[in-house]
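Here are some exercises to work through with the sequence and the model side by side. Try each task before you read its solution.

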Amino acid sequence: MDLGRMLEDIAGRFGDRTAFLYEEDSISYEGLNRSVNAFANYLRTLGLRRGDHIAVMLANCPEFVISYFAIQKIGGVAVTLNVLSTPYELRHLLGNSDAKAFVTSASCAKRYEEIRPEIPLCRHLILVDGESSSFRKALEEGPFAIEIPDIAPDDPAVMIYTAGLTGKPRGAVLTHNNLYTQSNLLRSICRADESARGLAIIPFFHSFGAVANMLAVIRIGASAVLMDHFTLDSIFGAIEKKKVTYIAAVPRLFLGMVFHDRKANFDVSSLHFCVTGGSAMPPDFIPVFEKEFHVKILEGYGLTEGSPVSSFNRLDIPPKTGSIGVAIPGVEIRIVDEQDQEVPRGTVGELVIRGENVMKGYYKDEEA
């Protein structure tokens, strides 16, 4: 199933349920799908069609989710960019990606205007806020229904730039099938259902954040609390007030929670599990965290080119200190030497993966 139809399906089944909470507002699945359709229709009025690349540079907010899925519904490719990208970086990212439109906030518009003459293909600047926001106008006026084109599982859905080891960032092209299979991990690995409520701290422009806190949430009709800026107090406050049941974040966040001097002031009993990734979690701190908050923390491993999750620990398998778990369903893993020969158990080697999570390739860099 493609991502646009995935949202259609979930909106039809869980229309009244809350999809996302942001500050003091919330949006239901029906409302989300309605807004997505309205913005998708607006994109078509600009001449944007299937296969076109559209860049999105937004923080974790409803506008990101709406833009992301609107692009999917016209069969486009969402190029998700770091909100801290400088004009110099944007010149490469927008130029190399062949983006025809750029969706961002008014506060970031100046960065685009500085380089506009150097990226002639990117002709449309779409601001999601401000007095003259075409985004807001589109959401108010509709139309609110849209016909989704035929989309194959191997069609590109998203492009995420990753620096790799050398040179300029390359665009990892992720397909609908890559991301659709990843979207099931919250259910298959963490045993979550529609009652789950995540805390979306990792940026959605990051592959981990997009899967763990957006795609996987939507796939099961759950909900997420969106935070685009935060402190440890606001994180603890959100857990208590919004009854958050899981957090997917980087190790630094969980370490901060352990050492926070006001943690005892908050009720975090709603938490059922936590997921850590993005970098290695110091093994000694996992039991400390679990003892402190009475909640299991699962560590996994992935990379942008793997959409991103490749391996994960399991709730029903005894933990092994320092382990990144076992391969997720649909993925094979080997540990090899420099001659690509599998090494004996317990030997250091290179991790290689194969499976339905592996990207289509690097955009305009087939050899790499």
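Two strands count as paired if DSSP finds at least two bridges between them. Helices (H or I, at least four residues) and strands (E, at least two) are DSSP runs, numbered from the N terminus. The model is a predicted one, in which local features need pLDDT of at least 70 and side-chain atom pairs count only at pLDDT 80 or more, while totals for chains, interfaces and linings use all residues. Residues are numbered from 1 along each chain as its sequence is written, and side-chain values use heavy atoms, with hydrogens and water left out.

**Exercise 1. The nine-stranded sheet**

Task: Find the strand order of the open sheet of nine strands, and work out why strand 2 and strand 15 are its edges.

Solution:
- Step 1. Reading across this open sheet gives the order 2-1-10-9-11-12-13-14-15, and the pairing is mixed.
- Step 2. Strand 2 (25-28) and strand 15 each have a single partner strand, so one side of each has no neighbour in the sheet.
- Step 3. Now look at helix 2 (residues 29-45), which packs on the sheet and touches strand 1 (18-22) and strand 2. Contact here means heavy atoms within 4.5 Å. The direction of helix 2 makes about 80° with that of strand 2; axes are lines fitted to C-alpha atoms, for helices over the stretch in contact, and angles run from 0 to 180 degrees between N-to-C directions.
- Step 4. Inside the sheet, strand 12 (residues 273-276) runs parallel to strand 13, joined by four bridges. One pair to check is V275, which stands opposite L298 in strand 13.
- Step 5. Helix 11 lies across strand 11, strand 12 and strand 13, at about 125° to strand 11.

**Exercise 2. Strand 3 and its neighbours**

Task: Decide whether the residues of strand 3 (53-57) are buried or exposed, then trace the partners of strand 3.

Solution:
- Step 1. Use these cut-offs: buried is under 20% relative accessible area, exposed is over 50%, and partly exposed is in between (1.4 Å probe, protein chains only).
- Step 2. Five of the five residues in strand 3 are buried. H53, A55 and M57 form one covered side, with I54 and V56 on the other.
- Step 3. Strand 3 pairs in the parallel sense with strand 4 (residues 77-80) over four bridges, and I54 stands opposite A78 there.
- Step 4. Strand 5 (residues 99-104) also runs parallel to strand 3, through five bridges; V103 in strand 5 is the bridge partner of V56.
- Step 5. Strand 3, helix 3 (residues 62-73) and strand 4 make a right-handed β-α-β unit. Right-handed means that, with the strands pointing away from the viewer, the path from the first strand over the helix to the second runs clockwise.
- Step 6. Place strand 3 in its open sheet of seven strands, ordered 6-5-3-4-7-8-18 with mixed pairing. The edges are strand 6 (124-127) and strand 18 (361-362), each pairing on one side only.
- Step 7. For an antiparallel pair, take strand 7 (residues 156-162) and strand 8 (residues 170-175), joined by six bridges. Within that pair, I160 has A172 as its bridge partner.

**Exercise 3. Pocket and cavity**

Task: Which element gives the largest share of the lining of the largest pocket, and which gives the most to that of the largest cavity?

Solution:
- Step 1. On a 1 Å grid over the protein atoms alone, a cavity is a set of points where a 1.4 Å probe fits but cannot get out; a pocket is an open set with protein on both sides within 12 Å along at least five of seven lines, and lining residues have an atom within 4 Å of a point. Grid points are joined across faces, edges and corners, and a volume is the space filled by probe spheres set on the points.
- Step 2. The largest pocket has a volume of about 1100 Å³. Its lining has 48 residues, and Y161, F205, H206, S207 and T304 are the closest to its centre.
- Step 3. Helix 4 supplies the largest share of this pocket's lining, five residues.
- Step 4. The search of the whole structure finds two cavities of 30 Å³ or more, and the largest cavity holds about 150 Å³. Of its 14 lining residues, L185, L186, A212, V275 and F312 are the closest to the centre.
- Step 5. Helix 9 gives the most to the lining of the largest cavity, with four residues.
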